[in-house]
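Subject: Structure handover and what was found in it

Dear colleague,

I am passing on the structure below, so that you can keep it open while you read. After it comes a walk through the pockets, the sheets and one loop residue.

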Amino acid sequence: MREFTWGIAATGGIARTVGAAIAAEPGMRVGAVGSRNLARAQALAATLGAESAYGSYERLCADPAIDAVYVATPHAQHLQVAEAAIAAGKAVLCEKPLAASVDDAEKMVRLAREAGVFLMEAMWMRFNPLIQSIAADPRFGDLRSVQATFGFAAPYDPAHRLWAPELGGGALLDLGIYPFSLAQLLLGTPSGLHVTGSLAPTGVDAEAAGTLLYPGGRHALVAASLLGNYPNMASVVGTRMRADIPAPFWAPKRILLTGPSMEPEEHVLDPADNGYAGELREVRAATAEGRTESSIMPLDESLAMMGLLADARRQLT
């Protein structure tokens, strides 16, 4: 069987990490790397064993050997690369958040659906088997609360992508999407949202803490920050059982389940079954089956998340 061949758009840290995961996955390979800097594309291609390197994203997407494009650029460039890949008929795995704005995300989804091309947000947390086990376990009873934080002290540099508005900077898009997404996965789309926080001198959100409200008193407490080192843990509370997820909660290697009528259970992740591998396998399976969307990470939920994060950001102004 022919290997499923990926093109990687960009050469930063996440491109290298996911590229290595592709190279390690049976039946997959990196066929090409694209960047606006050809030398960087060539260097990463050599590292990953890819035979082709391109000095533009458009040329990468046009490569006939490529089955799918992994978009690893800064948020503000996601639409540009995804649009080129969709036009070329390539399946697209786009790094989270799906785009830098609601409008960009809506355009990406519309283009993919009109073209009948697979598109999925690379929310690797959703593909972690331990996270999936929490969502599927009926022993929790009625899920009542999710609490999660993600924060670290990032040196302030107005040119860095975390702090630059033109690059889609801010704590919410880069970090907050994880606690918000955990709540979305387990509790759904909230009926209300209250957020507080502060802005950086560049105007991006430096920190945000919020309460997501759901019918019947269910709730989520979430926080994201570029100003301080948070615990980066999460807890999920049901009427019959609780899950404690140690740091980093978005990529846990173990979870602890406890309840009043059970012995504590520790569940440990198989190292070969991490979230990156899961999302890569989903893209391959979807293309083989002719699916254009993922049931694990649906596009409508990606759009709902973009709207939720935008609402949170507006409350900080």
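I begin with the second largest pocket, where helix H9 (299-314) gives the largest share of the lining, namely 4 residues. Please keep in mind throughout that this is a predicted model. The second largest pocket encloses about 240 Å³ of space, and of the 18 residues that line it, Ala100, Gly169, Leu173, Asp205 and Arg313 lie nearest its centre. Besides H9, helix H7 also supplies at least two residues of this lining. Sorted by class, the lining consists of 11 nonpolar, 4 polar and 3 charged residues.

The largest pocket holds about 620 Å³ of space. It is lined by 29 residues, and those closest to its centre are Ile14, Ala72, Thr73, Pro74 and Arg161. Two elements give two or more residues to this lining, and they are helix H1 (13-24) and helix H7 (171-187). The largest share, 3 residues, comes from H7, and by class the lining of the largest pocket has 14 nonpolar, 9 polar and 6 charged residues. As you follow H7 on the screen, you will therefore meet it in the linings of two pockets, since H7 gives residues to the largest pocket and also to the second largest pocket.

Next come the sheets. One of them is an open sheet of 8 strands with mixed pairing, and its strands follow the order S8-S9-S10-S7-S11-S12-S13-S14. Strand S8 (192-199) and strand S14 (262-268) stand at the edges of this sheet, and because each has a single partner strand, one side of each is left without a neighbour in the sheet. On average, neighbouring strands here are turned by 10 degrees against each other, if direction is ignored.

It helps to go through this sheet pair by pair, starting at the S8 edge. S8 and S9 run antiparallel and are joined by 8 bridges, and one pair of partners to look for is His194 with Thr211 in S9. These two strands form a hairpin with 5 residues between the strands, where Gly203 takes a positive phi near 100 degrees.

Strand S7 pairs with two strands that we can compare. With S10 it runs parallel, over 7 bridges, and Phe150 stands opposite Ala224 in S10. With S11, in contrast, S7 pairs in the antiparallel sense over 5 bridges, and here the bridge partner of Gln147 is Ser235 in S11. Is S7 mostly covered or not? It is mostly covered, for 7 of its 9 residues are buried.

Further along, strand S11 (residues 234-238) and strand S12 (residues 242-245) pair in the antiparallel sense over 4 bridges, and Val236 has Ala243 in S12 as its bridge partner. H7 packs on the sheet, where it touches strand S7 (143-151), S8, strand S9 (205-213), strand S10 (219-225) and S11, and its direction makes about 165 degrees with that of S7. Helix H6 (residues 129-136), for its part, lies across S11, S12, strand S13 (254-259) and S14, and runs at about 25 degrees to S13.

There is also an open sheet of 6 strands, with parallel pairing, in the order S3-S2-S1-S4-S5-S6. At its edges stand strand S3 (52-54) and strand S6 (119-122), and because each has a single partner strand, one side of each is left without a neighbour in the sheet. Neighbouring strands of this sheet are turned by 25 degrees against each other on average, again with direction ignored. Strand S2 (residues 28-34) pairs with S3 in the parallel sense over 3 bridges, and Gly34 stands opposite Tyr54 in S3.

Finally, where is Thr11 found? Thr11 sits in the loop between strand S1 (4-9) and H1. Its relative accessibility is 14%, and because buried means under 20%, Thr11 counts as buried. Leaving out residues up to four places away in sequence, Thr11 touches Arg16, Val33, Ser35, Arg40, Ala41 and Leu44.

With best wishes,
A colleague

Conventions. Residues are numbered from 1 along each chain as its sequence is written. This is a predicted model: local features need pLDDT of at least 70, side-chain atom pairs count only at pLDDT 80 or more; totals for chains, interfaces and linings use all residues. Side-chain values use heavy atoms; hydrogens and water are left out. On a 1 Å grid over the protein atoms alone, a cavity is a set of points where a 1.4 Å probe fits but cannot get out, and a pocket is an open set with protein on both sides within 12 Å along at least five of seven lines; lining residues have an atom within 4 Å of a point. Grid points are joined across faces, edges and corners, and a volume is the space filled by probe spheres set on the points. Ala, Val, Leu, Ile, Met, Phe, Trp, Tyr, Cys and Pro count as nonpolar, Asp, Glu, Lys and Arg as charged, and the others, Gly among them, as polar. Two strands pair if DSSP finds at least two bridges between them. Axes are lines fitted to C-alpha atoms, for helices over the stretch in contact, and angles run from 0 to 180 degrees between N-to-C directions. Contact means heavy atoms within 4.5 Å. Buried means under 20% relative accessible area, exposed over 50%, partly exposed in between (1.4 Å probe, protein chains only).
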